[in-house]
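Open the model in your viewer and keep the sequence panel beside it. Each stop below says what to select and what is there.

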Amino acid sequence: MKNFKNLLLAGATVLVTLAAPMNVFAKNVDPATVDSQETTLNYKVGSHYTWEIHSDIDFGKDGGTNATLNGTVKTGDQKVKVTENVIEEGKKLHITAHGSGTDKAFTITNGSNTVLNYAVKSGDKAVGVDGDVLDVVAGTNTGETVMDFKLSTTTDTAEKAGTYTGTITYASSVVDAQ
């Protein structure tokens, strides 16, 4: 019985030793000479953003000569949207556009000699080559603009058959807000 009590006492001593709180000191403070101390707190938010563009644009067919045709998206809405914007203060997410024609002009072609021009608007503002489409400043989580496309058909005396194609390219960058 005495051995059992010694064993029980030894086990309890080990448990108390393991369970005892341990003090951990990061900084030593001498209360006689230092009235306050400070430490740094850290939190990091990485810069990131998400944006989307509309689907393909369709100007219809057989519009005739000297006509202006409205472009419409095949599916969805006709917007460029920023759905998430987490960037540094003093910056903005800047989206621009250009076409696939010569010198990045907004044109479509039938693969031969016929080139048709189209105009682009973001909201009510005309967009030039590499022109502004949308700006969303830091601290603003989302943004959007409605795009408008107007195709000018040929000024020739007759249309030329074919499938006219081209592309519009949107580009984004984070720049200084001004």
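Is Asp-148 buried, partly exposed or exposed? Asp-148 is partly exposed, at a relative accessible area of 23%. Buried would require under 20%, so Asp-148 with its 23% falls outside that class. Bear in mind as you go that this is a predicted model.

**Stop 1: the whole chain**

Show the protein chain as a cartoon. There is 1 helix, and there are 12 strands. Starting at the N terminus, the helix comes before the strands: α-β-β-β-β-β-β-β-β-β-β-β-β. Now colour by accessibility. The chain has 178 residues, and 24% of them count as buried. Contacts reach far along the sequence. Take those between residues at least 6 apart: 74% of them join residues at least 24 apart.

**Stop 2: Asp-148 and its partner**

Return to Asp-148 and add Lys-150. The two form a salt bridge, with 3.7 Å between the closest N and O atoms. Lys-150 is partly exposed too, with a relative accessible area of 31%. Elsewhere, shared partners link Glu-52, Asp-77 and Lys-81 into one salt-bridge network.

**Stop 3: the network and the other bridges**

Select Asp-77 and Lys-81. Their side chains meet in a salt bridge at 2.9 Å, N to O. Asp-77 has a relative accessible area of 30%, which makes this residue partly exposed.

Next, select Asp-130 and Lys-104. This side-chain pair makes a salt bridge at 3.6 Å, N to O. What does the pair tie together? Asp-130 sits in the loop between β9 (125–126) and β10, and Lys-104 in the loop between β6 and β7 (107–109), so the bridge ties together parts 26 residues apart in sequence. Both ends are partly exposed: Asp-130 at 37% relative accessibility, Lys-104 at 38%. The count of salt bridges comes to 8.

**Stop 4: two loop residues with positive phi**

Stay on Lys-104 and check the backbone. Its phi is near 65 degrees, a positive value in a residue other than glycine. Then jump to Asp-62. Here phi is near 50 degrees, again positive in a non-glycine residue. Asp-62 lies in the loop between β2 (57–58) and β3 (68–70). Is Asp-62 buried or exposed? Asp-62 is exposed, with a relative accessible area of 67%.

**Stop 5: the open sheet**

Select β10, β6 and β12. These 3 strands form an open sheet in the order β10-β6-β12, with antiparallel pairing. The edge strands are β10 and β12 (168–176), and each pairs on one side only. From one strand to the next, the twist averages 20 degrees.

Strands of a sheet pair through backbone hydrogen bonds. Turn to β6 and β12. They pair in the antiparallel sense over 9 bridges. For a register check, find Lys-92: opposite stands Val-175 in β12.

**Stop 6: the largest nonpolar core**

Which residues touch the most other members of the largest nonpolar core? They are Tyr-118, Val-133 and Tyr-170, in a core of 22 residues. Colour the contributing strands next. At least two core residues come from each of β5 (79–86), β6 (91–99), β8 (115–122), β10 (131–137) and β11 (143–152).

Now centre on Tyr-118 and show its surroundings. Leave out neighbours within four places in sequence. Tyr-118 is in contact with several aromatic residues, Phe-59, Phe-106 and Phe-149. The list also includes Ile-108, Leu-151 and Ile-168. Gly-99, Thr-107 and Thr-167 are among the contacts as well. So is Lys-150, the salt-bridge partner of Asp-148 from Stop 2.

**Stop 7: Ser-122**

Finish with Ser-122, which is found in strand β8. Ser-122 is buried, with a relative accessible area of 8%. What does its side chain reach? The side chain of Ser-122 makes a polar contact with the side chain of Thr-145, at 2.9 Å.

Show the other residues around Ser-122, again skipping those up to four places away in sequence. Ser-122 touches Val-127, Asp-132 and Val-133, as well as Thr-145, Val-146 and Met-147. Val-133 takes you back to the core, as one of the residues that touch the most other members there.

Conventions:
Residues numbered from 1 in each chain as written. Predicted model: local features only at pLDDT ≥ 70, side-chain atom pairs only at ≥ 80, totals over all residues. Heavy atoms only, no water. Core = buried A, V, L, I, M, F, W, Y, C linked by side-chain atoms within 4.5 Å. Buried < 20%, exposed > 50% of the residue type's maximum accessible area, 1.4 Å probe, protein only. Helix = DSSP H or I, 4+ residues; strand = E, 2+ residues; numbered from the N terminus. Contact = heavy atoms within 4.5 Å. Salt bridge = Lys/Arg side-chain N within 4 Å of Asp/Glu carboxyl O. Polar contact = N/O pair within 3.5 Å; in protein donor to acceptor, adjacent residues only side chain to side chain. Pairing = 2+ DSSP bridges. Axes fitted to C-alpha atoms, helices over the stretch in contact; angles between N-to-C directions.
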